[in-house]
Amino acid sequence: AHVRMADGTLSPMFALARRPYQEPSSRHNLGRMDLECPSCGALHWSSEQLSTSCEREPKFGICCDSGQVRLPLLRDPPQPLKDLYTAEHPEAKEFRENAWKYNRAFAFTSMRAEEDQAVNRGRGPPVFRILGELYHRGGSLEPERGQRPTHAQLYIYDPRAALEQRRAMNEGLNPATLAQLQEVLNRHNIYVDLYRHAYEIMGGMQDSGDRDPTVRLRAVPVVQEAAIHPRRGNLPTADEVAVIICDSSGEAPGMRDVVLHLRSGPLQRINDLHPSYAPLYYVLLFPYGEPGW
């Protein structure tokens, strides 16, 4: 920038510092993510291997701590569901195209989140963006008068009536696939029998005078193997789920409880640390009701 002096000449007012031009640095490339952990089979980049390992025998700590953490693998799904995941016939392809809709039709709990729709006003593929937290909620086992049963309430109904309700609420889905999935879950998913048993218990409690009986699904830790060391080397524990009836003292439910109301109960938020959090919603990923990790 310059300023004009009284004699008509230009004098610099200030100067801008200039650095010599430099070529832009090349983009950093981690290479292929194709190194397999010898202990658990997880894939890694070469830069993730432990400094104590070598290229010929890489070892990794961020996946399983070099084999010290061992989680049981999920079982293969029942054959009808496995066929829908892997086969190439039209019914299987339609199922995979709408898998999230089929899962929603059979979920025990509902998903809640405040969705940000502003990101989908332009072009491009749709984006699911939320504001705040995503969480799952469970309701009462009987619908309010005049309302359709949904979620876990459908597992209490007669299977034929439940299937008709699912078809009515999911008109765009294949009725034959809905029937097949319902049969698979009724036969193999542990929560189907668990919720039905809880419903029977609460019906008996209501007959004895309790107007709005509740029960709790409590996760009970079961040690899989004896610990080698109290702090190191021990395998994780599995969580089984049992029905525990609330006693007359009104004991407050703990974090590891899922409270079930017979009717008119408030929607209860499921803690994401509860082993039932994932299998109660993602029923087609956990068809047997295995604890979610």
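## Notebook: Gln 182 and its surroundings

I began with Gln 182, which is in contact with Phe 106, Pro 159, Ala 162, Leu 163 and Arg 166 once its neighbours within four places in sequence are left aside. I record at the outset that the model is predicted. I placed Gln 182 in helix 5 and noted that, with a relative accessibility of 6%, Gln 182 counts as buried. I then looked for a polar partner and found that the side chain of Gln 182 makes a polar contact of 2.7 Å with the side chain of Arg 166.

**Entry: the chain as a whole**

I next took an overview. The chain has 293 residues, of which 30% are buried. I listed its secondary structure as 7 helices and 10 strands. Considering contacts with a separation of 6 or more, I noted that 56% of them involve residues 24 or more positions apart. The accessible surface comes to about 19,800 Å², and carbon and sulfur atoms account for 51% of that surface.

**Entry: helix 4**

I turned to helix 4 because Arg 166 is one of its buried residues. Which residues of helix 4, spanning residues 159-169, are buried? I found Ala 162, Leu 163 and Arg 166. These residues lie on the same side of helix 4, because they cover an arc of only 100 degrees around the axis. I then asked which elements the buried residues of helix 4 pack against. I recorded helix 3 (99-106) and helix 5 (175-188) as the elements they meet. The contacts of Gln 182 in helix 5 include Ala 162, Leu 163 and Arg 166. At the start of helix 4, I found a side-chain oxygen of Asp 158 within 3.0 Å of the backbone nitrogen of Arg 160.

**Entry: the largest nonpolar core**

I looked up the largest nonpolar core, which holds 34 residues. Within this core, Phe 106, Phe 108, Leu 181, Tyr 195 and Leu 260 touch the most other members. I listed the elements that supply at least two residues each: helix 1 (79-86), helix 3, helix 5, helix 6, strand 7 (214-223), strand 9 (257-261) and helix 7 (277-281). Helix 6 gives the most, with 8 residues. As a general remark, nonpolar side chains in soluble globular proteins tend to be buried together.

I followed Leu 181 in particular. Not counting residues up to four places away in sequence, Leu 181 touches Leu 81, Leu 84, Phe 95, Tyr 102, Phe 106 and Leu 284. I noticed that Phe 106 also appears among the contacts of Gln 182.

**Entry: Asn 189**

I located Asn 189 in the loop between helix 5 and helix 6 (190-207). Is Asn 189 buried or exposed? Asn 189 counts as buried, at 2% relative accessibility. I found a polar atom of the side chain of Asn 189 at 3.1 Å from the backbone oxygen of Pro 287. Residues up to four places away in sequence aside, Asn 189 touches Phe 108, Val 184, Phe 286, Pro 287, Tyr 288 and Gly 289.

**Entry: the loop between strand 4 and helix 1**

I found Asp 76 in the loop between strand 4 (43-44) and helix 1. Its C-alpha is 9.4 Å from that of Pro 287, although the two residues are 211 residues apart in sequence. With residues up to four places away not counted, Asp 76 touches Lys 82 and Tyr 288. The side chains of Asp 76 and Lys 82 are joined by a polar contact of 3.3 Å. I noted that Tyr 288 is also among the residues touched by Asn 189.

In this loop I also looked up Asp 65 and Ser 66. Asp 65 is not a glycine, yet I noted a positive phi of about 55 degrees. I entered a positive phi of about 55 degrees for Ser 66 as well, again not a glycine. Asp 65 is partly exposed, at 38% relative accessible area, and Ser 66 is partly exposed at 34%.

**Entry: cysteines**

How many disulfides does the count give? I recorded 0 disulfides. Cys 37 is in no disulfide, and the nearest cysteine sulfur, that of Cys 63, is 3.7 Å away. The sulfur of Cys 64 has its closest cysteine sulfur in Cys 40, and that distance of 3.7 Å is too far for a bond. The cut-off I needed here is 2.5 Å between the sulfur atoms. I noted that Cys 37 is buried at 2% relative accessible area, and that Cys 64 counts as buried at 3%.

Note on methods
Residues are numbered from 1 along each chain as its sequence is written. This is a predicted model: local features need pLDDT of at least 70, side-chain atom pairs count only at pLDDT 80 or more; totals for chains, interfaces and linings use all residues. Side-chain values use heavy atoms; hydrogens and water are left out. Helices (H or I, at least four residues) and strands (E, at least two) are DSSP runs, numbered from the N terminus. Buried means under 20% relative accessible area, exposed over 50%, partly exposed in between (1.4 Å probe, protein chains only). Contact means heavy atoms within 4.5 Å. Accessible areas come from the Shrake-Rupley method with a 1.4 Å probe; for residues, only the protein chains shown count as cover. The arc is that of the directions from the helix axis to the C-beta atoms. A polar contact is a pair of N or O atoms within 3.5 Å; within protein, one must be able to donate a hydrogen and the other to accept it, and residues adjacent in sequence count only if both atoms are side-chain atoms. A nonpolar core is a set of buried Ala, Val, Leu, Ile, Met, Phe, Trp, Tyr and Cys residues joined through side-chain atoms within 4.5 Å.
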